[in-house]
Amino acid sequence: MEHVINGVAKFQKEVFPEKKAKFSELASGQSPEVLFITCADSRIDPNLVTQTEPGELFICRNAGNVVPPHSNHTGGITASIEFAVAALGVSHIVVCGHTDCGAMKGAIAPENLDTLPHVKEWLGHCRAATEVVRGRHGSLCKDHLDEVTRENVVQQLQHLRTHPSVASGIANGSITLHGWLYNIGTGDVLCYDEQSKEFTAISERYRVMFGDQIAAAQAAGASCGEV
Ligand code: ZN
């Protein structure tokens, strides 16, 4: 813990003064463009991976980057989504899964979670993903971790669409959904393509959407992915 406390001191002494104007601007409000939903795993740093600054990502994290389907039950994720979309007006929502996800391992083998009843219940939101993979192979085991992780991203995107504010935004074209998969060991980020139903390198996926900007970033060596 000591290095964490020392980090605060370093932030206040060295980092904050350098970005004082930015923090001064942020002190009175935020208008992030992106709601970023990812796993609580300590190895993921959304701002580092996306090279964004405070104020740019509205980040929502939990075990397994889960989005419970909308219901009349009020939960933290549901309230955060509603706030990000209806109050802040984000125009993009990213659901980002990752490699070596402990939550996905738990979803594959829930019988190992008897001492973690809340985790076990929470990961029930991933059952459609595990059942899709089980149905595809006739069984389910740890060898299917990558496939379950991908299916889970797709499933949580489905759940997102059930939230009224998101459904409304998609219907009027003000919101775009994105399914990502972050590889902790390589730094690659793959993106789900609704048409091909496959995850492809981020540069490929967004070439169509952002065209020249992506090409320029690649030329500058600033992109990450299988290019
Ligand atoms: Zn995880």
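The following paragraphs lead through a predicted model of a single chain, from its overall form to its interior, its metal site and its loops.

The chain contains 11 helices and 6 strands. Its radius of gyration is 19 Å, close to the 17 Å that the globule rule gives for 227 residues, so the chain is as compact as a globular protein of that length. Taken along the principal axes, the box filled by the C-alpha atoms is roughly 55 × 45 × 40 Å. Of the 227 residues, 37% count as buried.

The interior may be considered next. In soluble globular proteins, nonpolar side chains tend to be buried together. In this model, the largest nonpolar core comprises 26 residues, and Met 104 and Trp 180 are those with the most contacts inside it. Several elements each supply at least two residues of this core: strand 1 (34–39), strand 3 (92–98), helix 5 (102–108), helix 8 (145–161), strand 4 (176–182), strand 5 (189–193) and helix 10 (202–210). Among these contributors, helix 5 gives the most, with 4 residues. There is also a second, separate core of 24 residues, which includes Cys 60, Leu 88, Leu 157 and Leu 181.

The metal site comes next. A zinc ion is coordinated by three residues, namely Cys 39 through SG, His 98 through NE2 and Cys 101 through SG, at 2.0 to 2.2 Å. The spacing of these donor residues in sequence is C-x58-H-x2-C. Distant parts of the chain are thereby linked, with Cys 39 in strand 1 and His 98 in strand 3, 59 residues apart. Cys 39 and His 98 are both buried. Strand 1 and strand 3 have already appeared among the elements that each supply at least two residues of the largest nonpolar core.

A short step along the chain leads to Asp 100, which lies in the loop between strand 3 and helix 5. Most residues other than glycine have a negative phi. Asp 100, although not a glycine, has a positive phi of about 55°. With a relative accessible area of 37%, Asp 100 is partly exposed, because it falls between the limits of 20% for buried and 50% for exposed.

A similar backbone feature is found at Gln 51, a residue other than glycine whose phi has a positive value near 50°. Gln 51 is placed in the loop between helix 3 (46–50) and strand 2 (57–62). Its relative accessibility is 63%, and Gln 51 therefore counts as exposed.

Empty space within the model can be described in turn. The structure holds 1 cavity of 30 Å³ or more, and the largest cavity encloses about 30 Å³ of space. Its lining consists of Leu 177, His 178, Gly 179, Trp 180, Cys 191, Tyr 192, Arg 205 and Tyr 206. Strand 4, strand 5 and helix 10 are the elements that give two or more residues to this lining, and strand 4 gives the most, with 4 residues. By class, the lining of the largest cavity has 5 nonpolar, 2 polar and 1 charged residues. Trp 180 thus has a place in this lining and is also one of the residues with the most contacts inside the largest nonpolar core.

The second largest pocket has a volume of about 150 Å³. It is lined by 14 residues, and Ala 107, Pro 110, Leu 123, Arg 127 and Thr 130 lie nearest its centre. Helix 5 and helix 7 (127–137) each supply at least two residues of this lining. Helix 7 gives the most to the lining, with 4 residues. The lining residues of the second largest pocket divide into 7 nonpolar, 3 polar and 4 charged. Helix 5 therefore takes part in the lining of this pocket, and helix 5 also gives the most to the largest nonpolar core.

The last position is His 70, found in the loop between strand 2 and helix 4 (76–87). His 70 has a relative accessible area of 33% and is partly exposed. Along the chain, His 70 and Asp 188 are 118 residues apart, and their C-alpha atoms are separated by 31 Å.

How values were computed. Residues numbered from 1 in each chain as written. Predicted model: local features only at pLDDT ≥ 70, side-chain atom pairs only at ≥ 80, totals over all residues. Heavy atoms only, no water. Core = buried A, V, L, I, M, F, W, Y, C linked by side-chain atoms within 4.5 Å. Buried < 20%, exposed > 50% of the residue type's maximum accessible area, 1.4 Å probe, protein only. Donors = N, O, S within 2.8 Å, 3.2 Å for Na, K, Ca; no water. 1 Å grid on protein atoms, 1.4 Å probe; cavity = no way out; pocket = protein on both sides within 12 Å on 5 of 7 lines; lining within 4 Å. Points joined across faces, edges and corners; volume = space filled by probe spheres on them. Nonpolar A, V, L, I, M, F, W, Y, C, P; charged D, E, K, R; others polar. Rg over C-alpha atoms; globule rule 2.2 N^0.38 Å.
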